[in-house]
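Please open the model in your viewer and keep the sequence panel beside it. This tour suggests what to select at each stop and then tells you what is there.

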Amino acid sequence: MRAVKIERFGDPSGLVVAEVDEAPPGPGEVLVAVEAIGVGGVDAVIRRGTLSGFGFEEGLIPGSEVAGTVTTVGPDVDPTWVGRRLWAFTGTSGGYAEQAVARVEDITALPDGLSAADAVTVGSSATVAHFALVHAHFAPGESVLVRGAAGSIGIAVVELAARGGASAVAVTTSSPQRGERLRELGATHVLDRSGHGAPDAPESYDVVIDIVGGPATADFIDRLAANGRMVIVGVVAGMPPADFGSRLLASFQQSRSFATFSLDTVPVAARNPARAELLASVARGDLHAVAHDVLPLDQAAEAHRQMDAGTVFGRIVLVP
Ligand SMILES: NC(=O)c1ccc[n+]([C@@H]2O[C@H](COP(=O)([O-])OP(=O)(O)OC[C@H]3O[C@@H](n4cnc5c(N)ncnc54)[C@H](OP(=O)(O)O)[C@@H]3O)[C@@H](O)[C@H]2O)c1
């Protein structure tokens, strides 16, 4: 089958199309004929070689999110999955291929009418967004600030917070054009990346969902209202400085909270029904799947170039 490998770590030119052997599904696994592949931020991090100290080696097939049809199941897997269309998490590798293997606990059947491209645009990101808001104890009537809102996770946070009755949904983004698109998805106030630039925006927020991290993380702790909760779900600008937590302590009398959130900590029994409901919301038109571009699999390097250039709004989808 055709797949894309990271032939060498570094810039996107290290991604090459290769002919590789199909791996049969093992116990507890299914084999998927892939129709669409979600290009995630973590794929670019792996491609650059940033995670080479964590066991990632050149030669791997990147990609963690696909949608398609089950062709074969491994031992002990319910054979009625064969022929069904589904969304699948493939782990930290294996997605950029015509066929992909996934564990049965990491698959979710597609609702009728949902395209594979839409499924990989929201399957992971909206689930992260949903549980990040749960982790932040978001309640209707509260104000929310989404930092790094123009990515697929941020867009889903904006829509879910607006749909969940937020009193305000402020977003940080790098341009007025991106801000306009976020307004169409439910943002009420558009801020620049530093969190300023909208005089009518609330000064402080009950919930901050941060996908950016990096040197300015503590500035957003300062934007929390009394009893406000900040949840960091991504670090696209890098790790915060080591002493960033001192700002939390400096505002001791505000009873603010800071937390990290990883979907890995959500039990499968909660994660999969939530994902199924989110996919159904997209099929009904209640939630948007915002794909920046749909490209053929052999243009994976171009997809990564666009990601590195910071021009992507939402998600890029590859099709084999
Ligand atoms: N917690 C979990 O369970 C989980 C699961 C999957 C992924 N993740 C993490 O989520 C992150 C990727 O999420 P994503 O795909 O939604 O994000 P993304 O598209 O890579 O980035 C989101 C937005 O952040 C802004 N941004 C980029 N660099 C910035 C910088 N240096 N300073 C300020 N803003 C910047 C950009 O928007 P503007 O240009 O408009 O500002 C960008 O569109 C990764 O860190 C990944 O590891 C977490």
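**First stop: helix α3**

Select helix α3 and look at S125, A126, T127, V128, A129, H130, F131, A132, L133 and H135, which are buried. As you look, please keep in mind that the model is a predicted one. Because 10 of the 11 residues of α3 are buried, the helix is largely enclosed by the rest of the structure. Just after α3 comes H137, and its phi is positive, near 55°. For comparison, most residues other than glycine have a negative phi.

Now pick out H135 alone, which belongs to helix α3. Is H135 buried or exposed? H135 counts as buried, because 20 other C-beta atoms lie within 10 Å, and 20 is the number from which a residue is called buried. To find what surrounds H135, select V231, A259 and F261, which are its contacts once the neighbours within four places in sequence are left aside. Of these, A259 deserves a distance label, since 124 residues separate H135 and A259 along the chain, while their C-alpha atoms are 8.3 Å apart.

**Second stop: helix α1**

Move next to helix α1, residues 41–48, and select D43, I46 and R47, which are buried. These residues are on the same side of α1, because they cover an arc of only 100° around the axis. It helps to remember a general point here: an α-helix has 3.6 residues a turn, so residues three or four places apart point the same way. What should you display to see the cover over the buried residues of α1? The cover includes the strands β1 (2–6), β2 (15–19) and β3 (29–39), together with α9 (300–309). Following α1 in the chain you will find G49, with a positive phi near 95°.

**Third stop: the two domains**

Colour the protein by its domain assignment, which gives domain 1 as 2–124 + 266–319 and domain 2 as 137–260. The C-alpha centres of domain 1 and domain 2 are 28 Å apart. Where the two domains touch, nine residues from domain 1 and 11 residues from domain 2 take part in the contact. On the side of domain 1 that touches domain 2, you can sort the residues into four nonpolar, four polar and one charged.

You may also like to highlight residues 10–318, which an unreviewed UniProt entry annotates as "domain: Enoyl reductase (ER)". Within residues 10–318, 27% is helix and 26% is strand, and the end C-alpha atoms lie 20 Å apart.

**Fourth stop: the shell around the ligand**

Centre the view on the ligand and show the 27 residues that surround it, of which the closest are G148, G151, S174, G234 and A237. If you colour this shell by class, 12 residues are nonpolar, 13 are polar and two are charged. Which helix gives the most to the shell around the ligand? That helix is α4, with three residues, while α1, α3 (125–135) and α4 (152–163) each supply at least two. With the domain colours still on, you can see that the ligand lies between domain 1 and domain 2, because both give residues to the shell around it.

**Last stop: some exposed residues**

Select N227, which sits in strand β12, residues 224–232. N227 is exposed, because it has 11 other C-beta atoms within 10 Å, and 12 or fewer is the limit for that word. The phi of N227 is near 65°, a positive value in a residue other than glycine.

Continue to the loop between α7 (246–250) and β13 (257–260), where S255 has its place. S255 is another residue other than glycine with a positive phi, in this case near 50°, and S255 counts as exposed because it has 11 C-beta neighbours inside 10 Å. In the loop between α7 and β13 you will also find F252, which counts as exposed because it has 8 C-beta neighbours inside 10 Å. Draw a distance from F252 to A226, which is 26 residues away in sequence, and the C-alpha atoms should read 9.8 Å apart.

Finish at E180 in helix α5, residues 176–184. With 12 C-beta neighbours inside 10 Å, E180 counts as exposed, and its C-alpha lies 8.0 Å from that of V190, 10 residues away in sequence.

How values were computed. Residues are numbered from 1 along each chain as its sequence is written. This is a predicted model: local features need pLDDT of at least 70, side-chain atom pairs count only at pLDDT 80 or more; totals for chains, interfaces and linings use all residues. Helices (H or I, at least four residues) and strands (E, at least two) are DSSP runs, numbered from the N terminus. The arc is that of the directions from the helix axis to the C-beta atoms. Two residues are in contact if their C-beta atoms, placed from the backbone, lie within 7 Å. A residue is near a molecule or strand if its C-beta atom, placed from the backbone, lies within 6 Å of it. Ala, Val, Leu, Ile, Met, Phe, Trp, Tyr, Cys and Pro count as nonpolar, Asp, Glu, Lys and Arg as charged, and the others, Gly among them, as polar. Domain bounds come from an automatic or database domain assignment. UniProt positions are given in the numbering used here, feature names are shortened, and annotations may be inferred rather than shown by experiment.
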